[in-house]
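User: I should like to go through this protein with you, one question at a time. Please give the reasoning behind each answer.

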Amino acid sequence: MRKTFGTGSVWEQTLGYSRAVQVDNTLFISATAASGPDGIVGDDFYSQTKYILEKLGAVLADAGFDYEDVVQSKLYLTDITKWEDAGRAHGEVFGEIRPTLSLVHVLPFLDAEMLVEIELVAQKSA
């Protein structure tokens, strides 16, 4: 079984991707930034990470998953020296769940105000 989930973002249609794709009991969520209806939310690594994780919580719920189902998390940071700030927000959500984690240092994103993107994989027990 393959099912796609979208948010209605213009980028999804333009670039030809889905916010999330479920294959059987696994949900793959595209890298997500702190973009809100009025632009980028937050101006630091902690607040953007916190906002992104809230957005991703809604994506998980829409697909019938929860944070507890997350098995892999990837944080893409434009300044790796700020890993502790992003990590603190990540730990507030995943501290007891403990998915695998990658911290990846990247060049600036399309919008220079974007500091963080997060990509998740979640899996339901069979």
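User: In which loop is the place of R98?

Analyst: This is a predicted model, and the answer follows from its assigned helices and strands. The strand that follows R98 is β7, which covers residues 100-105. R98 therefore has its place in the loop between α3 and β7.

User: Is R98 buried or exposed?

Analyst: A residue counts as exposed when its relative accessible area is over 50%. The value for R98 is 69%, so R98 is exposed.

User: What is the phi of R98, and which sign does it have?

Analyst: Most residues other than glycine have a negative phi. R98 is a residue other than glycine, yet its phi is a positive value, near 55°.

User: Where is D24 found, and what is its phi?

Analyst: D24 is found in the loop between β2 and β3. With a relative accessible area of 46%, D24 is partly exposed. D24 and T7 are 17 residues apart along the chain, and their C-alpha atoms are separated by 21 Å. The phi of D24, a residue other than glycine, is positive and near 55°.

User: Which element gives the most residues to the largest nonpolar core?

Analyst: In soluble globular proteins, nonpolar side chains tend to be buried together. The largest nonpolar core here has 28 residues, and those that touch the most other members are L27, I29, L56, L60, V116, I118 and L120. Two or more residues come from each of β3 (26-33), α2 (45-62), β6 (70-77), α3 (83-94) and β8 (116-123). The element that gives the most, with 6 residues, is α2.

User: Which residues does L120 touch, leaving out those up to four places away in sequence?

Analyst: L120 is one of the core members that touch the most other members. With residues up to four places away in sequence left out, L120 touches L27, F28, I29, L56, L60, V70, Q72, S73 and F94.

User: How far apart are the end C-alpha atoms of α2, and what should its 18 residues span?

Analyst: At 1.5 Å a residue, the 18 residues of α2 should span 26 Å. The distance between its end C-alpha atoms agrees with this, at 26 Å.

User: Which elements do the buried residues of α2 pack against?

Analyst: The buried residues of α2 are F45, Y46, Q48, T49, I52, L53, L56, G57, V59 and L60. Their packing partners are β2 (20-23), β3, β5 (39-40), β6, α3 and β8.

User: How far is the C-alpha atom of E84 from that of F45?

Analyst: E84 is found in helix α3, and its relative accessible area of 53% makes E84 exposed. F45, in contrast, is among the buried residues of α2. Although E84 and F45 are 39 residues apart along the chain, their C-alpha atoms are separated by 8.9 Å.

User: Which residue forms a salt bridge with R19?

Analyst: A search of the whole structure finds 3 salt bridges. In the one formed by R19, the closest N and O atoms are 3.8 Å apart. Both residues of this pair are buried. The partner of R19 is E12.

User: Why does the salt bridge of K50 and E92 tie together parts that are 42 residues apart in sequence?

Analyst: The side chains of K50 and E92 meet in a salt bridge, at 3.9 Å from N to O. K50 is partly exposed, with a relative accessible area of 35%, and E92 is also partly exposed, at 46%. The pair ties those parts together because K50 lies in helix α2 and E92 in helix α3.

User: How many residues apart are D69 and K124?

Analyst: D69 and K124 form a salt bridge in which the closest N and O atoms are 3.4 Å apart. D69 counts as buried at 14% relative accessibility, whereas K124 counts as partly exposed at 33%. D69 is in the loop between α2 and β6 and K124 in the segment after β8, so the pair links distant parts of the chain. Their separation is 55 residues.

User: What is the accessible area of the nonpolar patch that includes W11?

Analyst: W11 lies in helix α1 (residues 10-15) and counts as partly exposed, at 48% relative accessibility. On the surface, V10, W11, L15 and L110 form a nonpolar patch. Together these residues have an accessible area of about 510 Å².

How values were computed
Residues are numbered from 1 along each chain as its sequence is written. This is a predicted model: local features need pLDDT of at least 70, side-chain atom pairs count only at pLDDT 80 or more; totals for chains, interfaces and linings use all residues. Side-chain values use heavy atoms; hydrogens and water are left out. A nonpolar core is a set of buried Ala, Val, Leu, Ile, Met, Phe, Trp, Tyr and Cys residues joined through side-chain atoms within 4.5 Å. Buried means under 20% relative accessible area, exposed over 50%, partly exposed in between (1.4 Å probe, protein chains only). Helices (H or I, at least four residues) and strands (E, at least two) are DSSP runs, numbered from the N terminus. Contact means heavy atoms within 4.5 Å. Patches are made of residues with over 30% relative accessible area and no salt bridge: like charges are joined within 9 Å, nonpolar side chains (Val, Leu, Ile, Met, Phe, Trp, Tyr) within 5 Å. Accessible areas come from the Shrake-Rupley method with a 1.4 Å probe; for residues, only the protein chains shown count as cover. A salt bridge is a side-chain nitrogen of Lys or Arg within 4 Å of a carboxyl oxygen of Asp or Glu. The expected span of a helix is 1.5 Å times one less than its number of residues.
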